[in-house]
Amino acid sequence: MSIRTLFAKSLTSSVSARSAFLGASSARSSLRLSSPFAARFSQRDLSDSLRTQIDEAVKSNDIVVFMKGNKEAPQCGFSRAVVQILQLQGVQDFKTVNVLADEEVRNGIKEYTSWPTIPQVFVKGEFVGGCDILLNLHQSGELETLLAKHGIVSPTVAAAVGKAES
């Protein structure tokens with residue numbers, strides 16, 4: 001038998017075994033995570049009290065940015081970019097939460113939004129996204145529309161921002 005034939009048979013049996021495993025939901029549900037590494041990913045980082053704390057911050061402020069550092073002293077380039085984008089949009093008053101100050105908040109916000117990266121931006125209680133999403137919204141003009149719609153910046157400020165960038 002050639003090496004190519006052996007490889008093909010091995011690949012076929014591996015695919016069949018994987019398909020059988022993935023198709024067996026009852027067997028999959030009975031599996032237990034036994035390694036410390038796997039157990040780390042099964043535990044919750046977001047306690048009920050932290051969820052309440054995040055809810056309060058997000059719902060009681062027009063804009064909240066969970067970031068590394070604060071708006072006066074961002075601690076990473078992505079956080080700095082988010083602050084600059086908001087300032088370019090005419091937003092002067094927004095809350096920042098420094099995730100570097102509390103590891104529980106840093107991990108908990110990721111679970112809260114199911115978004116793996118920092119910074120995370122909320123507008124009027126709704127999660128908008130991270131730096132890349134905010135940059136795309138800014139470049140397309142959708143961010144100024146969103147901010148004006150929610151009354152965070154006046155439509156005239158939004159229009160002035162749009163003209164200044166043209």
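**Sheet architecture and the environment of histidine 150**

Valine 64 lies opposite lysine 95, a residue of strand β4. The structure is a predicted model, in which local features require pLDDT of at least 70, side-chain atom pairs are counted only at pLDDT 80 or more, and totals for chains, interfaces and linings use all residues. Residues are numbered from 1 along each chain as its sequence is written, and side-chain values use heavy atoms, with hydrogens and water left out. Helices (H or I, at least four residues) and strands (E, at least two) are DSSP runs numbered from the N terminus.

Strand β1 (residues 63-67) runs parallel to β4, to which 4 bridges join it; two strands are taken to pair if DSSP finds at least two bridges between them. An open sheet of 4 strands with mixed pairing results, in the order β4-β1-β5-β6. Its edges are formed by β4 (95-98) and β6 (126-129), each of which pairs on one side only. On average, neighbouring strands of this sheet are turned by 25° against each other, direction ignored. Helix α5 (residues 77-88) packs on the sheet, where it touches β1 and β5 (120-123), and its direction makes about 165° with that of β1. Axes are lines fitted to C-alpha atoms, for helices over the stretch in contact, and angles run from 0 to 180 degrees between N-to-C directions.

Histidine 150 is located in the loop between α8 (142-149) and α9 (155-165). Histidine 150 counts as partly exposed because its relative accessibility is 29%, the class between buried (under 20% relative accessible area) and exposed (over 50%), with a 1.4 Å probe and protein chains only. Apart from neighbours within four places in sequence, histidine 150 is in contact with Val123 and Lys124, contact meaning heavy atoms within 4.5 Å. The C-alpha atoms of histidine 150 and valine 123 are separated by 8.4 Å, the two residues being 27 residues apart along the chain.
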